[in-house]
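User: Got a model open here and want to go through the strand pairing and the core. Can you take me through it?

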Amino acid sequence: MPSVNTKYFGTMAYAEESVYDFPSGLPAFEEHRRFVLIEQPEHAPLVFLQSLLKPELCFLAFPILVVDRDYQLGIAEEDRAALELEPDRQPELGTEALVLTLVALRDNFPPTANLMAPIVINLKTRRGLQAIRHDSLYSHQHPIEWHAAEQTC
Amino acid sequence: MLVLRRRAGESLLIGDDIEIELLAVTAQGAKIGIRAPRDMVVLRKELRITREQNARAALAPPLQDFTSAIRKLRV
(Lines give C-alpha, C1' and ligand atoms only; values in the text may rest on other atoms or scores of the structure.)
Protein backbone atom coordinates (compact mmCIF):
# COMPACT_ATOMS: atom_id res chain seq x y z
CA MET A 1 0.00 0.00 0.00
CA PRO A 2 1.45 3.43 -0.90
CA SER A 3 2.00 5.97 1.85
CA VAL A 4 2.02 9.75 2.01
CA ASN A 5 3.90 12.18 4.22
CA THR A 6 1.23 14.42 5.64
CA LYS A 7 1.47 17.94 7.03
CA TYR A 8 -0.23 17.12 10.31
CA PHE A 9 -0.29 13.37 10.88
CA GLY A 10 3.12 12.01 9.94
CA THR A 11 3.26 9.20 7.39
CA MET A 12 -0.05 7.56 6.53
CA ALA A 13 -0.86 4.62 4.30
CA TYR A 14 -3.58 5.14 1.73
CA ALA A 15 -5.36 3.05 -0.86
CA GLU A 16 -4.81 4.05 -4.47
CA GLU A 17 -8.58 3.98 -5.02
CA SER A 18 -9.07 6.58 -2.30
CA VAL A 19 -7.16 9.23 -4.24
CA TYR A 20 -9.11 12.20 -5.62
CA ASP A 21 -7.99 13.38 -8.98
CA PHE A 22 -7.94 17.13 -9.79
CA PRO A 23 -6.93 17.33 -13.47
CA SER A 24 -6.45 21.12 -13.31
CA GLY A 25 -5.22 21.31 -9.73
CA LEU A 26 -6.60 24.19 -7.67
CA PRO A 27 -6.17 27.89 -8.51
CA ALA A 28 -2.67 28.92 -7.32
CA PHE A 29 -1.80 25.22 -6.93
CA GLU A 30 -2.26 23.96 -10.45
CA GLU A 31 0.53 21.37 -10.19
CA HIS A 32 -1.19 19.55 -7.34
CA ARG A 33 -3.44 17.04 -9.06
CA ARG A 34 -3.83 14.24 -6.55
CA PHE A 35 -5.22 14.58 -3.05
CA VAL A 36 -6.41 12.32 -0.28
CA LEU A 37 -9.05 13.26 2.24
CA ILE A 38 -8.03 12.63 5.83
CA GLU A 39 -10.79 12.36 8.41
CA GLN A 40 -9.87 12.07 12.07
CA PRO A 41 -12.64 11.54 14.61
CA GLU A 42 -11.08 13.95 17.10
CA HIS A 43 -11.18 16.76 14.55
CA ALA A 44 -14.55 15.99 12.97
CA PRO A 45 -16.27 17.57 11.15
CA LEU A 46 -13.03 19.25 10.04
CA VAL A 47 -11.39 17.28 7.21
CA PHE A 48 -7.95 17.54 5.63
CA LEU A 49 -7.31 17.70 1.91
CA GLN A 50 -3.72 16.50 1.67
CA SER A 51 -1.69 16.86 -1.53
CA LEU A 52 0.21 13.76 -2.58
CA LEU A 53 2.80 15.96 -4.29
CA LYS A 54 3.98 17.94 -1.28
CA PRO A 55 3.45 17.15 2.41
CA GLU A 56 3.31 20.87 3.27
CA LEU A 57 0.20 21.40 1.20
CA CYS A 58 -2.80 20.35 3.22
CA PHE A 59 -6.01 22.32 3.18
CA LEU A 60 -8.39 22.40 6.10
CA ALA A 61 -11.96 21.99 4.94
CA PHE A 62 -15.50 21.46 6.11
CA PRO A 63 -18.35 19.68 4.40
CA ILE A 64 -20.19 22.69 3.05
CA LEU A 65 -23.42 22.08 4.98
CA VAL A 66 -21.48 22.27 8.24
CA VAL A 67 -20.74 25.91 7.51
CA ASP A 68 -24.09 26.77 5.94
CA ARG A 69 -26.85 24.23 6.38
CA ASP A 70 -28.95 25.96 3.73
CA TYR A 71 -26.19 26.20 1.14
CA GLN A 72 -27.53 26.09 -2.41
CA LEU A 73 -25.17 24.62 -4.98
CA GLY A 74 -24.45 26.82 -7.98
CA ILE A 75 -21.94 24.80 -9.97
CA ALA A 76 -21.44 26.42 -13.35
CA GLU A 77 -22.41 24.44 -16.44
CA GLU A 78 -18.82 24.17 -17.67
CA ASP A 79 -17.70 22.79 -14.30
CA ARG A 80 -20.50 20.22 -14.27
CA ALA A 81 -19.45 19.18 -17.76
CA ALA A 82 -15.79 18.88 -16.73
CA LEU A 83 -16.84 16.64 -13.85
CA GLU A 84 -19.27 14.63 -15.99
CA LEU A 85 -22.14 15.54 -13.68
CA GLU A 86 -25.69 15.85 -14.98
CA PRO A 87 -25.72 18.82 -17.38
CA ASP A 88 -29.22 20.05 -16.58
CA ARG A 89 -29.26 20.08 -12.79
CA GLN A 90 -27.10 20.46 -9.71
CA PRO A 91 -25.77 17.18 -8.25
CA GLU A 92 -27.15 15.64 -5.10
CA LEU A 93 -24.95 16.27 -2.09
CA GLY A 94 -23.44 13.20 -0.51
CA THR A 95 -24.61 10.70 -3.11
CA GLU A 96 -23.44 12.22 -6.40
CA ALA A 97 -21.03 14.88 -5.24
CA LEU A 98 -18.85 15.61 -2.27
CA VAL A 99 -18.71 19.36 -1.66
CA LEU A 100 -16.19 20.91 0.70
CA THR A 101 -15.34 24.47 1.59
CA LEU A 102 -11.72 25.46 2.22
CA VAL A 103 -10.96 27.24 5.44
CA ALA A 104 -8.57 30.15 5.91
CA LEU A 105 -7.34 31.53 9.19
CA ARG A 106 -5.91 35.03 9.32
CA ASP A 107 -3.98 36.38 12.26
CA ASN A 108 -6.35 37.72 14.89
CA PHE A 109 -9.41 37.04 12.79
CA PRO A 110 -11.87 34.21 13.16
CA PRO A 111 -11.58 31.45 10.54
CA THR A 112 -13.47 31.97 7.31
CA ALA A 113 -14.71 29.58 4.66
CA ASN A 114 -14.72 30.16 0.92
CA LEU A 115 -18.34 29.54 -0.02
CA MET A 116 -17.85 31.28 -3.35
CA ALA A 117 -15.56 28.53 -4.63
CA PRO A 118 -16.27 25.14 -3.08
CA ILE A 119 -14.32 21.98 -3.86
CA VAL A 120 -16.64 19.67 -5.80
CA ILE A 121 -15.86 15.99 -6.32
CA ASN A 122 -17.85 13.60 -8.47
CA LEU A 123 -18.15 10.60 -6.16
CA LYS A 124 -18.52 8.17 -9.05
CA THR A 125 -15.34 9.18 -10.90
CA ARG A 126 -13.47 10.58 -7.86
CA ARG A 127 -12.57 13.55 -10.00
CA GLY A 128 -12.72 17.03 -8.56
CA LEU A 129 -12.23 20.72 -9.15
CA GLN A 130 -12.73 24.02 -7.40
CA ALA A 131 -16.02 25.33 -8.74
CA ILE A 132 -16.00 29.12 -8.74
CA ARG A 133 -19.50 30.53 -8.65
CA HIS A 134 -20.29 33.27 -11.12
CA ASP A 135 -23.12 34.67 -9.05
CA SER A 136 -22.47 36.75 -5.97
CA LEU A 137 -24.69 34.89 -3.54
CA TYR A 138 -21.90 33.61 -1.29
CA SER A 139 -18.80 35.14 0.22
CA HIS A 140 -15.21 33.98 -0.27
CA GLN A 141 -14.69 34.89 3.40
CA HIS A 142 -17.75 33.54 5.14
CA PRO A 143 -17.33 33.68 8.93
CA ILE A 144 -17.58 30.15 10.26
CA GLU A 145 -20.22 29.27 12.78
CA TRP A 146 -20.08 25.65 13.49
CA HIS A 147 -23.25 23.59 13.44
CA ALA A 148 -22.02 20.48 15.18
CA ALA A 149 -25.14 18.49 14.32
CA GLU A 150 -24.64 18.68 10.55
CA GLN A 151 -21.93 16.35 9.41
CA THR A 152 -22.95 15.27 5.95
CA CYS A 153 -20.70 16.04 3.03
CA MET B 1 -15.29 54.29 -10.78
CA LEU B 2 -16.24 55.48 -14.22
CA VAL B 3 -19.76 54.35 -15.04
CA LEU B 4 -21.03 54.24 -18.61
CA ARG B 5 -24.25 53.00 -20.13
CA ARG B 6 -23.83 50.80 -23.22
CA ARG B 7 -26.28 48.84 -25.36
CA ALA B 8 -25.64 45.51 -27.03
CA GLY B 9 -23.27 45.96 -29.96
CA GLU B 10 -21.63 49.04 -28.51
CA SER B 11 -17.99 49.11 -27.43
CA LEU B 12 -15.59 51.04 -25.37
CA LEU B 13 -11.87 51.49 -25.73
CA ILE B 14 -9.24 51.43 -23.03
CA GLY B 15 -5.97 52.95 -24.18
CA ASP B 16 -4.87 52.19 -27.72
CA ASP B 17 -5.28 48.46 -27.95
CA ILE B 18 -8.05 47.22 -25.69
CA GLU B 19 -11.64 47.08 -26.87
CA ILE B 20 -14.51 45.82 -24.77
CA GLU B 21 -17.74 45.11 -26.56
CA LEU B 22 -21.08 44.46 -24.95
CA LEU B 23 -22.37 41.59 -27.10
CA ALA B 24 -25.70 40.76 -25.49
CA VAL B 25 -27.70 41.41 -22.36
CA THR B 26 -30.07 38.78 -20.99
CA ALA B 27 -31.68 38.01 -17.66
CA GLN B 28 -28.73 35.65 -16.98
CA GLY B 29 -26.16 38.40 -17.40
CA ALA B 30 -24.22 40.47 -19.89
CA LYS B 31 -22.08 38.81 -22.54
CA ILE B 32 -18.86 40.70 -23.04
CA GLY B 33 -16.26 40.43 -25.78
CA ILE B 34 -12.70 41.58 -25.15
CA ARG B 35 -10.12 42.41 -27.79
CA ALA B 36 -6.68 42.85 -26.26
CA PRO B 37 -3.02 42.05 -27.01
CA ARG B 38 -2.19 38.39 -26.55
CA ASP B 39 0.21 38.99 -23.68
CA MET B 40 -2.45 40.77 -21.66
CA VAL B 41 -3.98 38.59 -18.95
CA VAL B 42 -7.76 38.68 -18.78
CA LEU B 43 -9.23 36.99 -15.73
CA ARG B 44 -12.59 36.67 -14.11
CA LYS B 45 -12.09 38.51 -10.85
CA GLU B 46 -13.45 35.54 -8.86
CA LEU B 47 -10.52 33.48 -10.09
CA ARG B 48 -7.99 35.91 -8.70
CA ILE B 49 -9.90 36.07 -5.41
CA THR B 50 -9.91 32.27 -5.27
CA ARG B 51 -6.16 32.10 -5.97
CA GLU B 52 -5.50 34.55 -3.13
CA GLN B 53 -7.90 32.77 -0.83
CA ASN B 54 -6.30 29.37 -1.60
CA ALA B 55 -2.83 30.77 -0.95
CA ARG B 56 -4.07 32.00 2.40
CA ALA B 57 -5.78 28.69 3.19
CA ALA B 58 -2.54 26.84 2.38
CA LEU B 59 -0.73 28.77 5.11
CA ALA B 60 -2.72 26.91 7.71
CA PRO B 61 -1.31 27.40 11.19
CA PRO B 62 -0.29 24.56 13.51
CA LEU B 63 -3.28 22.34 13.95
CA GLN B 64 -3.44 23.03 17.67
CA ASP B 65 -4.01 26.77 17.12
CA PHE B 66 -6.55 26.04 14.50
CA THR B 67 -8.63 23.53 16.37
CA SER B 68 -8.75 25.76 19.43
CA ALA B 69 -9.89 28.68 17.25
CA ILE B 70 -12.56 26.43 15.76
CA ARG B 71 -13.61 25.07 19.13
CA LYS B 72 -14.30 28.59 20.38
CA LEU B 73 -16.86 28.93 17.62
CA ARG B 74 -18.73 25.78 18.53
CA VAL B 75 -22.38 26.54 19.12
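Analyst: Starting at one strand end: Ala104(A) has Thr112(A) in E8(A) as its bridge partner. This is a predicted model.

User: How many bridges between E7(A) and E8(A), and in which sense do they pair?

Analyst: Two bridges, antiparallel; E8 of chain A covers residues 112-113.

User: What about E9(A), how many bridges join E7(A) to it?

Analyst: Four, and those strands also run antiparallel. Within E9(A), Val120(A) stands opposite Val99(A).

User: And E6(A) with E7(A)?

Analyst: Antiparallel over three bridges. Leu102(A) in E7(A) is the bridge partner of Ala61(A).

User: Is E7(A) mostly covered or mostly open?

Analyst: Mostly covered, with eight of its eight residues buried. One side carries Ala97(A), Val99(A), Thr101(A) and Val103(A), the other Leu98(A), Leu100(A), Leu102(A) and Ala104(A), and all are buried.

User: Switching to the core. How many residues are in the largest nonpolar one?

Analyst: It has 42 residues. Among those with the most contacts inside it are Leu49(A), Phe62(A), Leu100(A) and Val120(A).

User: Which elements supply it?

Analyst: At least two residues each come from E5 (47-51), E6 (58-63), H1 (64-67), E7 (97-104) and E9 (119-122) of chain A, and from H1 (45-58) of chain B. E7(A) gives the largest share, seven residues.

User: Back to Val120(A), what is it in contact with, leaving aside neighbours within four places in sequence?

Analyst: Ile75(A), Asp79(A), Leu83(A), Ala97(A), Val99(A), Gly128(A), Leu129(A) and Ala131(A).

Notes. Residues are numbered from 1 along each chain as its sequence is written. Chains are lettered from A and ligands numbered from 1 in the order in which they are written. This is a predicted model: local features need pLDDT of at least 70, side-chain atom pairs count only at pLDDT 80 or more; totals for chains, interfaces and linings use all residues. A nonpolar core is a set of buried Ala, Val, Leu, Ile, Met, Phe, Trp, Tyr and Cys residues joined through C-beta atoms within 7 Å. A residue is buried if 20 or more other C-beta atoms lie within 10 Å of its own, exposed if 12 or fewer, and partly exposed in between; C-beta atoms are placed from the backbone. Two residues are in contact if their C-beta atoms, placed from the backbone, lie within 7 Å. Two strands pair if DSSP finds at least two bridges between them.
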